[in-house]
Structures are given as C-alpha cells and as structure tokens.
Amino acid sequence: YDNSNSVYDESDAPFNIVSAAITPPTIPSIVVSLDPTTPASQNVSAGTVGVEFARIRVSAGSLAVNNLNNIQVGSDSPNAAKILQNLKVFDGTTQLGSTATVLSYNGSYYYAWIPVSGVSIPAFTSKTFRIVADVTTTASGQARAGITGWNFSGNGATVIPASTAIYGNMM
C-alpha cells in the first residue's frame, strides 16, 4: 500500500485478472399457477353452457413472452369427454384461439390443443386465463378442467413448474 491506498504486487507470482460476465436469459419463461379467484366447487346441471372451471395465472419472467402458439386444455377426470365439450380459453373477455369441441384421451388424461396467436405477456407481468366449457346434456358425475400444456414457436420458453397440469375445482 502507498499513501493513496493503491495496492501493488511486488512478487514474482503470475496472476490473471478474470472478469465474470452476467449473461441475460435468451429464452422467455412463464410461471403458471391456479389463480386464487378460481371458482369454488359447485353443482352444475347437465346442459349448462359457459361454466368457468379455472383461472390460471401466467407470469412472465425477465423477457416478454410473445411466442405462445398453442394452449392444451384438458381434464384428468374419469369420463371427462362425456361431461365436457366446447372448451375455451379467455384472456379477460377475449377468447384465445378456437373452441375445442371434443377432448381426446392419451392414456393419462383428456386433452385438446387450441392454436393461439397474438398473445403477449410483457416481462415481469401476469395474465389470468379463464378456462370455460359447456357441460353436456347427458353429463353424469363430476369433472374439473384446466391447462395441461403449452407450446411456443421459435426457441420456445421455459414453463415453471415443468410438465404440470393446472386444474380448477371439481364441478
């Protein structure tokens, strides 16, 4: 040290100064969860149209999410395809994509992909997607519905928690 508080190395030991660069994320991420305003379980009559089953909160990380191109809606309830039809996803009052008229079974749960476009979730903000379906006129038993998958164009996106379906309450 000298009087100016400078540090000097007078040894013969070699050294390197290494700087660490922080690399910002290049792939957007979303955190998905069941929104606390999701409707409570209730009895719904067969033939009821426009039943809201779930509200799914979708929060973007440090990058905006502008590449969502498909949302998979579904149900893990037995016989869901005989209870639910015409599943829709809404952002507020705007329907995203088309209506999934019927559900297919993959051996684990019932599902349908809904192609979407123009969905934007700015960085560090959230949206709440509403899952709405009609109850068939011949429905018997209970069912729940929600979002069972996400698909993104380009480099994709990280979904947290990964591979987790988010369902609303039984109706």
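Start by selecting Leu34 and Ile56: in strand β2, Ile56 is the bridge partner of Leu34. What you have open is a predicted model, so treat each stop on this tour as a feature of that prediction.

**Stop 1: β1 and its two partners**

Now widen the selection to strand β1, residues 29-34, and strand β2, residues 51-60. These two strands run antiparallel, and five bridges join them. Keep β1 in view and add strand β10, residues 158-160. Here the direction changes: β1 and β10 run parallel, joined by three bridges. To see one of the places where they meet, pick Val31, whose bridge partner in β10 is Ile160.

**Stop 2: a cis peptide bond**

Stay on Ile160 and step along to Pro161. The peptide bond from Ile160 to Pro161 is cis, and its omega is near -5 degrees. Most peptide bonds are trans, which makes this a good place to pause and turn the view. Pro161 itself sits in the loop between β10 and β11, the latter covering 166-167.

**Stop 3: Ser59**

Go back to β2 and select Ser59, which lies in that strand. Is Ser59 buried or exposed? Its relative accessible area is 19%, and because the cut-off for buried is under 20%, Ser59 counts as buried. Show its side chain together with that of Ser126: a polar contact of 2.5 Å joins the two. Which other residues touch Ser59, once neighbours within four places in sequence are left aside? Besides Ser126, Ser59 is in contact with Ser29, Ile30, Val31 and Thr125. You have already met Val31, in its pairing with Ile160.

**Stop 4: Phe124**

From Ser126, move back to Phe124, found in the loop between β7 (110-115) and β8. With a relative accessibility of 68%, Phe124 counts as exposed. Check its backbone too: phi is near 60 degrees, a positive value in a residue other than glycine. Most residues other than glycine have a negative phi.

**Stop 5: β4 between β8 and β5**

Select strand β4, residues 84-91, with strand β8, residues 126-135. The two pair in the antiparallel sense over six bridges. One bridge to find is that of Leu84, whose partner in β8 is Val135. Next, add strand β5, residues 94-100. β4 and β5 also run antiparallel, with four bridges between them. Where does Asp91 find its opposite number in β5? Look at Thr94, which Asp91 stands opposite. β4 and β5 form a hairpin with two residues between them, and Gly92 in the turn has a positive phi of about 70 degrees.

While β4 is on screen, select Asn86, which lies in this strand. Asn86 has a phi near 55 degrees, again a positive value in a residue other than glycine. Its relative accessibility is 22%, so Asn86 counts as partly exposed.

**Stop 6: Thr136**

Follow the chain out of β8 to Thr136, in the loop between β8 and β9 (146-152). Thr136 is buried, with a relative accessible area of 8%. Now measure in your viewer from the C-alpha atom of Thr136 to that of Leu84: the separation is 6.0 Å, although the two are 52 residues apart along the chain. Leaving aside neighbours within four places in sequence, the contacts of Thr136 include Lys82, Ile83, Leu84 and Gln85, and also Ala46 and Gly47.

**Stop 7: aromatic pairs**

For the last stop, show the aromatic side chains. How many aromatic pairs does a search of the whole structure find? The search finds three. One of them joins Tyr109 and Tyr111: the ring centres are 6.1 Å apart and the planes are at 70 degrees, so this pair is edge-to-face. Tyr111 counts as partly exposed, at 24% relative accessibility.

Another pair is Phe129 with Trp150, which is tilted, at 6.3 Å centre to centre and 40 degrees between the planes. This pair links distant parts of the chain, as Phe129 is in strand β8 and Trp150 in strand β9, 21 residues apart. Finish by checking how accessible each partner is: Phe129 is buried, with a relative accessible area of 0%, and Trp150 also counts as buried, at 15% relative accessibility.

Terms used:
Residues are numbered from 1 along each chain as its sequence is written. This is a predicted model: local features need pLDDT of at least 70, side-chain atom pairs count only at pLDDT 80 or more; totals for chains, interfaces and linings use all residues. Side-chain values use heavy atoms; hydrogens and water are left out. Buried means under 20% relative accessible area, exposed over 50%, partly exposed in between (1.4 Å probe, protein chains only). A polar contact is a pair of N or O atoms within 3.5 Å; within protein, one must be able to donate a hydrogen and the other to accept it, and residues adjacent in sequence count only if both atoms are side-chain atoms. Contact means heavy atoms within 4.5 Å. Two strands pair if DSSP finds at least two bridges between them. Rings of Phe, Tyr and Trp (its six-membered ring) pair if their centres lie within 6.5 Å; planes under 30 degrees apart count as stacked, over 60 as edge-to-face and the rest as tilted.
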